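Please open the model in your viewer and keep the sequence panel beside it. We will go from one selection to the next, and at each stop you can compare the text with what is on your screen.

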Amino acid sequence: MPKGKHKGKVKHYVTSEEVEEAEQKRQRELEWKRKKGLPDDEEKDKEGDSSGEEEDKKGDVKVVQSKPPRNMPPSDDSEEEEEEEEEEVVPKAKGVESLIEVENPNRLPPKMQNVKNVDVDAKVELSRREREELEQQKKQVAYNKLHEKGLTDEARRDLARLALIKQQREDAAKRKEAEKATAGAKR
């Protein structure tokens with residue numbers, strides 16, 4: 001049985017020579033593609049960067065930068081233009097999202113509120129479950145108060161049961177005293 005948790009496969013270790021051979025093979029393939037005029041992976045990456053779109057690490061948002069056309073001569077106001085350039089944050093389309101416009105109120109990002117505009121005195125509305133829970137607690141507190149006073153049916157039954165037990169204990173104590181008295185009189 002193999003050691004370790006490799007789902008039945010044997011670990012494969014790569015030597016430095018094998019790594020060098022793989023790198024050389026990749027370089028030969030790139031040279032061959034360049035000779036044939038085929039676009040290779042590196043050129044695709046370079047073209048994507050030169051188009052003015054950059055993808056962040058997560059891949060969720062594209063940052064679009066506006067660049068001046070290439071055929072324009074450089075101007076003296078280049079520093080001012082660089083300051084004026086603004087980056088637009090455009091969310092990257094997922095699936096058919098770019099083809100179909102959907103107005104889902106749940107997809108809107110939450111709006112940031114200004115501290116000046118927040119109403120501190122506004123009454124917070126509770127959810128149905130929270131309201132029911134508070135009502136349940138209030139009812140329980142009111143019931144416990146009535147129970148302590150002896151006004152509930154359960155409290156009356158408990159008091160009657162206690163009175164019966166108290167009566168039985170008193171009768172048992174009287175019987176014991178009578179037995180002791182009769183036992184003491186016989187001796």
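A salt bridge is a side-chain nitrogen of Lys or Arg within 4 Å of a carboxyl oxygen of Asp or Glu. With that meaning in mind, note that this is a predicted model, and that a search of the whole structure finds four salt bridges.

Begin with the whole protein chain, shown as a cartoon, where you can find five helices and three strands, arranged along the sequence in the pattern α-α-β-β-α-β-α-α. Of the 187 residues in the protein chain, 4% are buried, and the accessible surface comes to about 19,300 Å², with 51% of it belonging to carbon and sulfur atoms.

Next, select residues 16-36, which make up helix H1. Helix H1 has 21 residues and reaches 31 Å from its first C-alpha to its last, which is close to the 30 Å expected at 1.5 Å a residue. After H1 comes Gly37, which has a positive phi, near 85 degrees.

Now move to Leu99, in the loop between strand S3 (88-91) and H4. Leu99 counts as exposed because its relative accessibility is 70%, and exposed means over 50%. Add Val96 and Ile100 to the selection, and you have a nonpolar patch on the surface, in which Val96, Leu99 and Ile100 together have about 330 Å² of accessible area.

In helix H4, select Arg128 and Glu132, which are four residues apart, about one turn of the helix. Their closest N and O atoms are 3.2 Å apart, in a salt bridge, and Glu132 is partly exposed, at 40% relative accessibility.

Continue to Thr152, in the loop between helix H4 (128-149) and helix H5 (153-186). Is Thr152 buried or exposed? Thr152 counts as buried because its relative accessibility is 9%, and buried means under 20%. A polar atom of the Thr152 side chain lies 3.2 Å from the backbone nitrogen of Ala155. If neighbours within four places in sequence are left aside, Thr152 is in contact with Tyr143, Leu146 and His147.

Finish in helix H5, where the side chains of Asp153 and Arg156 meet in a salt bridge of 3.1 Å, N to O. Asp153 and Arg156 are three residues apart, and so are separated by about one helical turn. Asp153 is exposed at 52% relative accessibility, whereas Arg156 is partly exposed at 47%. Then select Arg161 and Asp158, which form another salt bridge, with the closest N and O atoms 3.0 Å apart.

Technical notes:
Residues numbered from 1 in each chain as written. Predicted model: local features only at pLDDT ≥ 70, side-chain atom pairs only at ≥ 80, totals over all residues. Heavy atoms only, no water. Helix = DSSP H or I, 4+ residues; strand = E, 2+ residues; numbered from the N terminus. Buried < 20%, exposed > 50% of the residue type's maximum accessible area, 1.4 Å probe, protein only. Polar contact = N/O pair within 3.5 Å; in protein donor to acceptor, adjacent residues only side chain to side chain. Contact = heavy atoms within 4.5 Å. Expected span 1.5 Å × (residues − 1). Areas by Shrake-Rupley, 256 points an atom, 1.4 Å probe, with all protein chains shown as cover. Patch = residues over 30% accessible without salt bridge, like charges linked within 9 Å, V, L, I, M, F, W, Y side chains within 5 Å.
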